[in-house]
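Work through the exercises below with the structure in view. Each task is followed by a solution in steps.

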Amino acid sequence: MSTFHRDIEVAIPALRRYARALTRDAETADDLVQDTLVRALRSEHLFHGGDVRSWLYTILTNLNRNRLRSLSRRPTLTPIDDNDTAGASGPEAGGRDIERALALLVDEQRTALLLVVLEGLTYREVAEVQGVPIGTVMSRLARARVQIKTYLDGERPALRRIK
Amino acid sequence: MVDYNTPVTDGELHAYVDGELPPDRSEAVEAWLASHPEDAGRVAAWRVQAEAIRARYGATIHGPVPDRLTLSRITRSQHSWGSIAAAAAVVAFVIGGEVAGVIGALIALPVAAAYPAIERIWLRGQLPEETVKEHQQNS
């Protein structure tokens with residue numbers, strides 16, 4: 001197995017984690033990872049050194065953006081299991097809150113935040129993945145954090161009432 | 001030397017949370033947070049968000065990778081698609097050749113069949129009469 005292939009293999013679990021948080025759906029996430037891997041192997045000749053991991057994040061990020069675009073052209077309702085009130089005050093509640101908060105973000109902001117917070121990429125690496133200056137990455141992060149805070153601050157009293 | 005005079009920016013607060021702050025600024029940021037409770041609250045909130053995100057999705061990395069996402073599986077399916085495509089190209093070429101042959105025959109045969117008649121008509125116009133007669137007797 002070549003170094004290129006080994007580097008890809010090693011990155012697969014992290015790609016699944018990132019895709020899972022991006023799409024918030026296990027099946028869609030693995031489809032996205034599969035497309036990413038197929039694309040990466042097919043365009044091996046386009047990879048001229050550098051960090052394989054960042055390159056894979058770039059492919060996945062772009063594929064997800066295309067996916068969201070085609071979804072927005074024919075709008076469908078994605079179910080978030082709102083009915084599951086049993087866990088609303090349990091330990092799972094925080095997880096579901098953050099999931100909803102992420103769902104409300106603009107794609108670019110969600111991508112920037114997840115790459116930094118979940119995947120541990122540096123600002124510079126995120127800038128490369130998103131193809132924007134570092135300043136843009138930082139303002140996307142800042143806006144994402146303000147939005148999530150506003151959402152979570154608004155949610156907490158509601159949760160207390162359920163208790 | 002720690003520079004306490006330069007005000008801490010919003011960007012620096014984010015960089016502080018994300019471990020991107022140059023080391024010579026971290027002490028100044030910490031001093032700032034100690035005297036600015038509102039900023040300290042925001043920083044704490046961002047940390048809680050990050051924790052929640054990691055708690056929610058972090059475990060995915062430990063789960064078993066489904067078979068369809070292993071590289072050996074993906075390269076294998078790519079190869080089999082490649083050979084299917086190659087076989088399809090050969091079949092298309094052969095069928096294409098056959099079709100071209102049949103069409104060619106359909107055009108060529110009537111022309112060949114009509115050739116003596118064409119020749120007779122054409123020769124009559126072009127050559128002296130005796131030559132034509134001689135030619136027809138010979139053929």
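**Exercise 1: the surroundings of one helix**

The cover over the buried residues of α3(A) includes α1 (3-23), α2, α5 (107-117) and α6 (123-130) of chain A. Helices here are DSSP runs (H or I, at least four residues) and strands are E runs of at least two, numbered from the N terminus. This is a predicted model, in which local features need pLDDT of at least 70 and side-chain atom pairs count only at pLDDT 80 or more, while totals for chains, interfaces and linings use all residues. Residues are numbered from 1 along each chain as its sequence is written, and chains are lettered from A and ligands numbered from 1 in the order in which they are written.

Task: state which residues of α3(A) are buried.

Solution. A residue is buried if 20 or more other C-beta atoms, placed from the backbone, lie within 10 Å of its own. In α3(A), the buried residues are W55(A), L56(A), Y57(A), I59(A), L60(A), T61(A) and N64(A).

**Exercise 2: two helices that cross**

Task: describe how α2(A) and α3(A) are placed relative to each other.

Solution. Step 1: the axes of α2 (residues 26-42) and α3 (residues 52-73) of chain A come within 9 Å and cross at roughly 125 degrees. Axes are lines fitted to C-alpha atoms, for helices over the stretch in contact, with angles from 0 to 180 degrees between N-to-C directions.

Step 2: α2(A) and α3(A) are therefore oblique to each other. Angles under 35 degrees count as roughly parallel, over 145 as roughly antiparallel, 65 to 115 as roughly perpendicular and the rest as oblique.

Step 3: on the α2(A) side, L32(A), D35(A), T36(A), R39(A) and A40(A) meet L56(A), I59(A), L60(A), L63(A) and N64(A) of α3(A). Contact requires C-beta atoms, placed from the backbone, within 7 Å. The residues of this contact are six nonpolar, two polar and two charged. Ala, Val, Leu, Ile, Met, Phe, Trp, Tyr, Cys and Pro count as nonpolar, Asp, Glu, Lys and Arg as charged, and the others, Gly among them, as polar.

**Exercise 3: chain A against chain B**

Task: find which helix of chain A gives the most to the side that touches chain B.

Solution. The contact takes 31 residues from chain A and 26 from chain B. On the side of chain A, α1, α2, α4 (92-104), α5 and α7 (134-162) each supply at least two residues. α1(A) gives the most, with 10 residues.

**Exercise 4: chain B**

Task: how many helices and strands does chain B have?

Solution. Chain B has five helices and zero strands. Of its 139 residues, 8% count as buried.

Note on methods. Two residues are in contact if their C-beta atoms, placed from the backbone, lie within 7 Å. A residue is buried if 20 or more other C-beta atoms lie within 10 Å of its own, exposed if 12 or fewer, and partly exposed in between; C-beta atoms are placed from the backbone.
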